[in-house]
Amino acid sequence: MNDTNCIFCKIIAGEIPATKIYEDNDTLAFLDIVPVNPGHTLIIPKKHFENIFETPDDITLKMMQTIKKVAHGIKDGLGIENMNIAMNNGIHSGQTVFHAHIHLMPRHQGDGYELWHGKKYEDGESQKIAEQIKKALFLFVHYFSALIPGSVPFAKNSSVAPPPVETNVNLSDIFLRSTSTAVSPPPIIV
Ligand code: 5GP
Ligand code: ZN
């Protein structure tokens, strides 16, 4: 048992029933109990991770491989050409079960299930947003997950080797490279 309060951990442990489609050492696929359309399937890691941010890289890759297999099973088995693949992370995104899971939802013409509706950017806003994301992404790739493995859940939980570490690198150079404006360095946890 991973997490005694988690409904998906109970499914993995066989404590509550589920209609299973596929399983391997790391992942499980089963039918959603309230499907958008018949065949709506959930892919979960067998270990308890709350969301995408907590799921280590190697397990994320295993989930992607399972998605690909199961998607073909649904497509060919049910004769479905259209499918949404989605993951809710956090309560305001619609996550209701806090064990990471990816939805495979068969779609049909006129099934009444809507997609999200977009809002346009103000002038210059998209560049600003992209810059904020790029700075944080740079720090994640070059600082958190490479220079101080174990400091964030991604690195802590991963059994995959981190990206190559730059040798003879000065941390302040990394910050300078990553941002033109001042940022507070994240805490170093050893
Ligand atoms: P979320 O909203 O967290 O992305 O999706 C959770 C999904 O889990 C929902 O679509 C819901 O129908 C499904 N679900 C919740 N409890 C159970 C359960 O006990 N068994 C199965 N098979 N699906 C469940
Ligand atoms: Zn769980």
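The backbone oxygen of Val97 sits 3.0 Å from a polar atom in the side chain of Gln95, and that's where I'd like to start today, everyone. One caution up front: this is a predicted model, so please hear every distance I quote in that light, as a value computed from predicted coordinates.

Now, Val97 has company. A polar atom of the Gln95 side chain also lies 3.0 Å from the backbone oxygen of Glu50. So where along the chain does Gln95 belong? You'll find Gln95 in the loop that links strand E4, residues 82-86, to strand E5, residues 102-107.

And is Gln95 buried or exposed? Gln95 is buried, because its relative accessible area is 2%, and the cut-off for buried is under 20%.

Who else is around? Leaving out residues up to four places away in sequence, Gln95 touches Glu50, Asn51, Asn88, Asn89, Gly90 and His101. Glu50, then, turns up twice: in that list of contacts, and through its backbone oxygen in the polar pair I mentioned.

Let's zoom out to the whole protein. There are 5 helices and 5 strands, and reading from the N terminus the order is α-β-β-β-α-β-β-α-α-α. Of the 190 residues, 31% are buried, and Gln95 is one of the buried residues.

For those of you who like surface numbers, the exposed area of the protein is about 12400 Å², with 57% of that supplied by carbon and sulfur atoms. And on contacts: if you take pairs of residues at least 6 apart in sequence, 52% of those contacts join residues at least 24 apart.

That's my tour, thanks for listening!

Note on methods: Residues are numbered from 1 along each chain as its sequence is written. Chains are lettered from A and ligands numbered from 1 in the order in which they are written. This is a predicted model: local features need pLDDT of at least 70, side-chain atom pairs count only at pLDDT 80 or more; totals for chains, interfaces and linings use all residues. Side-chain values use heavy atoms; hydrogens and water are left out. Helices (H or I, at least four residues) and strands (E, at least two) are DSSP runs, numbered from the N terminus. Buried means under 20% relative accessible area, exposed over 50%, partly exposed in between (1.4 Å probe, protein chains only). Contact means heavy atoms within 4.5 Å. Accessible areas come from the Shrake-Rupley method with a 1.4 Å probe; for residues, only the protein chains shown count as cover. A polar contact is a pair of N or O atoms within 3.5 Å; within protein, one must be able to donate a hydrogen and the other to accept it, and residues adjacent in sequence count only if both atoms are side-chain atoms.
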